[in-house]
Number of protein chains: 2
Amino acid sequence: MNYYNPLPLTKLIEQFAALPGIGKKTAQRLAFHVLTLSDSEAKEFSDAILQAHSKIKNCDVCKNFTDKKVCDICDDMSRDRTTICVVEDPRDVAAFERTGKYNGLYHVLHGLISPIDGKGPEELFIKELLTRLSDGEVKEVIIATDPTVQGEATAVYLSRLIKPLGIKVSRLAFGIPIGSSLEYTDEVTLFKALENRSSL
Amino acid sequence: MNYYNPLPLTKLIEQFAALPGIGKKTAQRLAFHVLTLSDSEAKEFSDAILQAHSKIKNCDVCKNFTDKKVCDICDDMSRDRTTICVVEDPRDVAAFERTGKYNGLYHVLHGLISPIDGKGPEELFIKELLTRLSDGEVKEVIIATDPTVQGEATAVYLSRLIKPLGIKVSRLAFGIPIGSSLEYTDEVTLFKALENRSSL
């Protein structure tokens, strides 16, 4: 930024601008907002960053974010321990939990297989997933990666590893999203919806 | 947020969500990004908030944000000290400076007169502006408040105070923005553009 923004302000704007999806103008708006906070509010914001960054680790079992050794979900004995839902990212866990309809466990890969980005299976938490499956308690693994090239490749890769263990492997259903219009549904989705039609 | 986000993460998400224009989903995305930062990057971000918040004050003269007693612009002796551009907000100073075409000084009101929000002239830095005008050095005051009800009200109020001092008071030109299309220009702007037409 130019000289008319004093240095501490410029630095804060740069910090905000480095966040994903935050442009220069938004960064400036956010930084100016910070200046209007009270002393304690600014301290709280600053502390929240340090606290979250230092205290949040991957759960020893499922690799979801947690501030404990083992996360609340893995630790919850009322959950169905025979089903594991495999997701790319901790955000996906949050998405499933919002539905309130899934009562099994999770496994977070922290990425997808993507040869184009030089990301192979050994960089994901796949070995840890296989270790979890080795005790015979798990009956089904639901692969809930995105319906993208990388998501599909990862799903196929995992399925080939897990099926030989005698564990059921399933994939999320693909079809028309609820509330959408057929007219605007893309061909691939529509084809998937047709292919996976259910009897009434 | 729900129980599956550990507390330090939830707190950080809440902090981001409290920023203007940041919704819950974006706040979550930003908070998750912070977790991917290195230790030193997280420290830097956290420090930038505290530093900006504690060091940035209003300039003693023009009330623009600065980390000194008097800001760089007021302190710059090469600038035209006979002209003061009155703006609502420090962001407006940044906008004018980006044009690179204004060489006078500024005065930041930090708000506009808005009876509907219970904001009267005494809550703005108007008294301080009049003090600056009292030494007779200033020849022109450019009122650059927004073309809104509050901006216009503030402009009229200031003009009534300043004109009796024998100082020229001007207002930014209103008209068709460069690069826009006549077809989509609203009636009031088009009327203003017609009214303020210039001879070629």
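This briefing walks through the two chains, the sheet in each, and the helices that join them. The model is predicted. Chain A superposes on chain B with an RMSD of 0.1 Å, after a rotation of 179° and 0.0 Å of shift along the axis. The two copies are thus related as by a two-fold rotation axis.

**How the copies meet**

- In chain A, the C-alpha nearest that axis belongs to S46(A), and it sits 2.2 Å away.
- Both copies use the same surface: 100% of chain A's contact residues turn up again in chain B.

**α3 against α3**

- Helix α3(A) packs on helix α3 (residues 39–55) of chain B, with the axes 9 Å apart and an angle of about 180° between them.
- With that angle, α3(A) is roughly antiparallel to α3(B), since anything over 145 degrees counts that way.
- From chain A, the contact takes in D39(A), A42(A), K43(A), F45(A), S46(A), I49(A), L50(A) and H53(A).
- Facing them in α3(B) are D39(B), A42(B), K43(B), F45(B), S46(B), I49(B), L50(B) and H53(B).
- Sorted by class, the residues of this α3(A)–α3(B) contact come out as 8 nonpolar, 4 polar and 4 charged.
- S46(A), already met as the residue of chain A with its C-alpha nearest the axis, is among the residues of α3(A) in this contact.

**α3 of chain A against α1 of chain B**

- Helix α3 (residues 39–55) of chain A also meets helix α1 (residues 7–17) of chain B; their axes come within 8 Å and cross at roughly 140°.
- That leaves α3(A) and α1(B) oblique to each other, and the crossing is left-handed.
- On the α3(A) side, the contact is made by E41(A), E44(A), F45(A), A48(A), I49(A), Q51(A), A52(A) and K55(A).
- The α1(B) side supplies P8(B), L9(B), K11(B), L12(B), Q15(B) and F16(B).
- The class tally for α3(A) with α1(B) is 8 nonpolar, 2 polar and 4 charged residues.
- F45(A) and I49(A) do double duty: they are listed in the contact with α1(B) and also in the one with α3(B).

**The sheet in chain A**

- Chain A has an open sheet of 4 strands, ordered β4-β3-β5-β6, with parallel pairing.
- At its edges stand β4 (105–108) and β6 (168–171) of chain A; each has a single partner strand, so one side of each lacks a neighbour in the sheet.
- From one strand to the next, the twist averages 25°.
- Strand β5 (residues 140–143) of chain A pairs with β6(A) in the parallel sense over 4 bridges, and I143(A) has R171(A) as its bridge partner in β6(A).
- Helix α5 (residues 90–99) of chain A lies across β3 (83–87) and β4 of chain A, at about 155° to β4(A).
- Helix α6 (residues 126–133) of chain A packs on the sheet too, touching β3, β4 and β5 of chain A, and its direction makes about 150° with that of β4(A).

**The sheet in chain B**

- Chain B's open sheet of 4 strands runs in the order β4-β3-β5-β6, again with parallel pairing.
- Its edge strands, β4 (105–108) and β6 (168–171) of chain B, each pair on one side only.
- Strand β3 (residues 83–87) of chain B pairs with strand β5 (residues 140–143) of chain B in the parallel sense over 4 bridges, and C85(B) stands opposite I142(B) in β5(B).
- Helix α6 (residues 126–133) of chain B packs on this sheet and touches β3, β4 and β5 of chain B, making about 150° with the direction of β4(B).
- Helix α7 (residues 149–162) of chain B lies across β3, β5 and β6 of chain B, and runs at about 170° to β6(B).

Notes: Residues numbered from 1 in each chain as written. Chains lettered and ligands numbered in written order. Predicted model: local features only at pLDDT ≥ 70, side-chain atom pairs only at ≥ 80, totals over all residues. Heavy atoms only, no water. Pairing = 2+ DSSP bridges. Helix = DSSP H or I, 4+ residues; strand = E, 2+ residues; numbered from the N terminus. Contact = heavy atoms within 4.5 Å. Axes fitted to C-alpha atoms, helices over the stretch in contact; angles between N-to-C directions. Parallel < 35°, antiparallel > 145°, perpendicular 65-115°, else oblique. Left-handed = near helix turned anticlockwise from the far one by under 90°. Nonpolar A, V, L, I, M, F, W, Y, C, P; charged D, E, K, R; others polar. Least-squares fit on C-alpha atoms with pLDDT ≥ 70 in both.
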